[in-house]
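Student: Please take a close look at one helix in this model. Follow it outward to the parts it meets, and then note any unusual backbone.

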Amino acid sequence: MTNTTQAATARTVLFDALGGPEVLRIHDVPLPAPGPTELLVRVEALGLNRAEALFRAGTYYYRPTLPGSRLGYEASGTVEAVGDQVTAFAPGDPVMTGSGIEMGAQGVYAERIVLPESSVVPRPASVDAVAGAAARLTYTTAYGALVETAGMRPGDHVLITAASSGVGTAAIQVARRIGAVPIATTRTEAKRRALLDLGAEHVVVTGTHDVAKETHRITGTGADILFDAIGGPELPHHAAALRAHGTIVVYGWLNGPITFPMNWPQTIHTYANFSVTPEVRDRSDAFLHAGLRDGTLRPVIAEVFEGLDRIQDAHRLMETGTHTGKIVVTL
């Protein structure tokens, strides 16, 4: 194993019961040496995702193992040690996490983490730790769903629900980079200007306008693609914003169980970032790195909390839904 001096324990966020942000606690957890194909990473920043709030509450698609469940998918940091069979990374390399992580056992909310090499990718030298923690899951989800799954092309009108979320803001930029036309939805007028500044061609405020009618007014025939994080009973109405033979990609269920839309004929996909093929993952990462380098992909940071001890506060903000972009915790 190639390494620097390794601490015996790491401050780690755990929870023993399902619930709100108050269940999160910090413990000193034994830190194993990395195995042959693993890396030890010193975490510099954490990016929060809605999936983590669902996991903490017991409403995610898999359940935590209690007591003592870990939490978190997305971090950026620096490699401190590598296993004997690791050749792509060395101590000192800046990296990002985000794929193939089982949160209960491998969650990244910690000062130091040991992960399989396959769960880590290089962080471009031009990307700082905060941006690195906000980039990988959001952009690869948007790219994988829109490009690889829906086949988004230049000129397509793409309706993006919950557009002020981390993935939503990433989807606006991914659509722009491809040459598509992003139409964003948001619940409040206060977020409209920020989404337009980010690159949305149009913004529909759901409390003021009918999404389907407004989308048809904007496009003439309806949107080509619906990129949906909300699900629930609203899905049929959002689907009504599409043209005939449009494409729906559902990647979340913020409003609970999904009501199947009957606005036929349409193609419906569900998308999970963790079930893509290695080839799609490689293309997603290549797209992300190219966009970060040329500046067309710029993670939107809602707020930065300093210190692992602020993790409850960060989760409380995430629960409000008042932010635009990603919440980051620096260590």
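Tutor: Burial is stated by relative accessible area: buried is under 20%, exposed is over 50%, and partly exposed is in between (1.4 Å probe, protein chains only). The model is predicted, so local features need pLDDT of at least 70 and side-chain atom pairs count only at pLDDT 80 or more, while totals for chains, interfaces and linings use all residues. Residues are numbered from 1 along each chain as its sequence is written, and side-chain values use heavy atoms, with hydrogens and water left out.

The part chosen is helix α4, residues 136–149. Helices (H or I, at least four residues) and strands (E, at least two) are DSSP runs, numbered from the N terminus. Of the 14 residues of α4, 12 are buried, so the helix is largely enclosed by the rest of the structure. The buried residues run from the start of the helix: R136, L137, T138, Y139, T140, T141, A142, Y143, G144, A145, L146 and V147. Just after α4, G151 has a positive phi of about 70°.

One packing partner is helix α5, residues 166–178, whose axis is 8 Å from that of α4, at an angle of about 55° (axes are lines fitted to C-alpha atoms, for helices over the stretch in contact, and angles run from 0 to 180 degrees between N-to-C directions). That angle makes α4 oblique to α5 (under 35 degrees is roughly parallel, over 145 roughly antiparallel, 65 to 115 roughly perpendicular, and the rest oblique).

E148 of α4 forms a salt bridge with R283 at 2.7 Å, N to O (a side-chain nitrogen of Lys or Arg within 4 Å of a carboxyl oxygen of Asp or Glu). R283 lies in helix α9, residues 278–294, so this pair ties together parts 135 residues apart in sequence. Both partners are partly exposed, E148 at 27% relative accessibility and R283 at 40%.

The packing partner α5 has a salt bridge too: R176 meets E201 at 2.5 Å, N to O. R176 is in α5 and E201 is in the loop between α6 (192–198) and β11 (202–205), so the pair ties together parts 25 residues apart in sequence. E201 is partly exposed, with a relative accessible area of 38%, and R176 is partly exposed, also with 38%. Elsewhere, salt bridges that share partners join R42, E44, E80 and R112 into one network. Within it, the side chains of E44 and R42 meet at 3.9 Å, N to O; E44 is buried at 18% relative accessibility, while R42 is partly exposed at 32%. The whole structure has 16 salt bridges.

Now the backbone. Most residues other than glycine have a negative phi, and most peptide bonds are trans. A162, not a glycine, has a positive phi of about 50°. A162 sits in the loop between β9 (157–160) and α5, and at 19% relative accessibility it counts as buried. H245 is also not a glycine and has a positive phi of about 65°; H245 lies in strand β13 and is exposed, with a relative accessible area of 56%.

Two peptide bonds are cis. From L66 to P67, omega is near 0°, and P67 is in the loop between α1 (50–57) and β5 (74–82). From W264 to P265, omega is near -5°, and P265 is in the loop between β13 (242–250) and β14.
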